[in-house]
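Trainee: I would like to go through this model with you, one feature at a time. Where do we start?

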Amino acid sequence: MRSILVLVLCLVFALSTHGQSPLKQPSESAVDRFLRYVKIDTQSQEDQTTVPSTRKQLNLANLLAKELTALGVENVRVSEFGIVYGIVPSNLGGNSQVPVVGFISHMDTSPAVSGENVNPTIHKNYQGGDIVLPKDTSQVITVAKNPILKEMIGDDIITADGTTLLGSDDKSGVAEIMTMIDTLKQNPQLKHGPIAVAFTPDEEVGGGIEKFDVKGFGASLAYTVDGEALGEISNETWSARTATVTFQGKSTHPGTAKGIMINSLYAIADYLDRFPHDMLPETTEERVGFVHPYGGVLDVESSSLKILLRDFELSGLDAKEKLLREMVAQTQAKFPDVKISIDVKENYKNMKEVLKNYPELTENAVEAARRAGLKTSIKAIRGGTDGSNLTFRGLPTPDIFTGGQNFHGKLEFNSRRGLEKTTETLVNLVQMFAEKSR
Ligand SMILES: [Zn+2]
């Protein structure tokens, strides 16, 4: 009798302290989904005229469409460009005013490393130390270069076998979004508004997002799930321009060139020599921008140089452009016979310029991660995202972590906790929008 009373008291206590019973598990875990998706080769390819750049991306797109439908997602479709769209209906009922929140991740993997025959390897209950990849032991994930490993003791770390990339970028995001939907389906007590989801091709080659149907997607705000370490949320990207400097000389037969030939190579060499060494990608980090001469053509008659300009502040970007123009003037003064011109094009702008008007997007993501027990930080991305494109097309879209690391290489990894905690964050996040709109 007494033991029954204790049991009842314990039960009452448990219910009152936790408020609700633990969640029902999804029908398939984030890890199992991830392991399935990474085995499907979806590598995209540079310089293609079609979207998707590779047909094989459609294999995953069609599979995801089928799985979304099976999870009860509505209006599931694969567009002519291989973009998968769908809507998870609200479970609030009636005329609730919750905004449609979107989640987007990309299906393709980087052209930099093969994504064929990916053989994911689970390093169970990691106990510290460097991780040697089984099929190519020269591929080692070292603690020295990946201090985050120190926080992953006891976790199950997932890597490739050393011969391919893993494809965590961004099949982690895909698996996490799918598992969020699954979790919500198993747990109707979790209240949420309508959720739009999309999986895109060709993020790595920069073509897919141009074909994204913002209006058809149906969300008024969104998140890309394509970031790195747990807890890192990004609402800032570079502002980016590209400069082309052209050096026009005069070619002639070298045997009869005296007094006639104007060799543009010496002018381009002089120009390259003027780049400030403390303003290059290899000498800068964090919030410091750079100029980066990355390619060009060398020819007596005409040489040209392509240069990336990157900064988080538009004023910083303007200053870099001014510098490149001043360098042109200096080289021009030294080589008066070479005709030098500079052309600067805008690539994309820091999405913060827009997202600063939607602070709740970042705040909610931070709070959702916190509720999942994560330490959070706001990180400026030293690059661009599909979200920056969407943000400037009217769909404000910051970026959320995936738990993944070492993108675009054979040392890529994620972990069970990375996948599960990101999924939990997404589940928290949709509930927060419902809570706040009540
Ligand atoms: Zn990515």
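Mentor: With a definition: a polar contact is a pair of N or O atoms within 3.5 Å, and within protein one must be able to donate a hydrogen and the other to accept it. Keep in mind that this is a predicted model.

Trainee: Which residue offers its backbone oxygen to a polar atom of the side chain of threonine 121?

Mentor: Threonine 121 belongs to strand β4, residues 121–123. A polar atom of its side chain lies 3.3 Å from a backbone oxygen, and the cut-off is 3.5 Å. That oxygen belongs to asparagine 119.

Trainee: Is threonine 121 buried or exposed?

Mentor: Beyond four places in sequence, threonine 121 touches several residues, including Pro134, Ile157 and Asp161. Its relative accessibility is 18%, and the limit for burial is under 20%. Threonine 121 therefore counts as buried.

Trainee: What is the geometry of the zinc ion site, given its four donor atoms?

Mentor: The protein donors are His106 (NE2), Asp169 (OD), Asp226 (OD) and Asp226 (OD), at 1.9 to 2.7 Å from the zinc ion. The angles among the four donor atoms run from 52 to 146°. A tetrahedral site needs all angles between 85 and 135 degrees. The site is classed as irregular.

Trainee: How many residues apart are histidine 106 and aspartate 226?

Mentor: The zinc donors follow the spacing H-x62-D-x56-D along the chain. Histidine 106 sits in strand β3 (residues 101–106), and aspartate 226 in the loop between β9 (221–225) and β10 (232–237). Histidine 106 counts as buried because its relative accessibility is 1%, and aspartate 226 counts as buried because its value is 17%. The pair links distant parts of the chain, and the separation is 120 residues.

Trainee: Which helix gives the largest share of the largest nonpolar core?

Mentor: The core has 56 residues, and Met180 is among those with the most contacts inside it. Methionine 180 touches Thr423, Leu426, Val427 and Val430, among others. Eight residues of the core, its largest share, come from residues 416–437, which form helix α11.

Trainee: Which strands are the edge strands of the open sheet?

Mentor: Eight strands form the sheet in the order β1-β2-β8-β3-β9-β16-β10-β15, with mixed pairing. At one end, β10 and β15 run parallel and are joined by four bridges, with threonine 237 opposite isoleucine 381 in β15. An edge strand pairs on one side only, and the two that do so are β1 (74–78) and β15 (377–381).

Note on methods
Residues are numbered from 1 along each chain as its sequence is written. This is a predicted model: local features need pLDDT of at least 70, side-chain atom pairs count only at pLDDT 80 or more; totals for chains, interfaces and linings use all residues. Side-chain values use heavy atoms; hydrogens and water are left out. Buried means under 20% relative accessible area, exposed over 50%, partly exposed in between (1.4 Å probe, protein chains only). Contact means heavy atoms within 4.5 Å. Donors are N, O and S atoms within 2.8 Å of the metal (3.2 Å for Na, K and Ca); water is not among the atoms, so sites may look incomplete. Four donors count as tetrahedral if all angles lie between 85 and 135 degrees; four count as square planar and six as octahedral if opposite donors are over 155 degrees apart and all others between 65 and 115; anything else is irregular. A nonpolar core is a set of buried Ala, Val, Leu, Ile, Met, Phe, Trp, Tyr and Cys residues joined through side-chain atoms within 4.5 Å. Two strands pair if DSSP finds at least two bridges between them.
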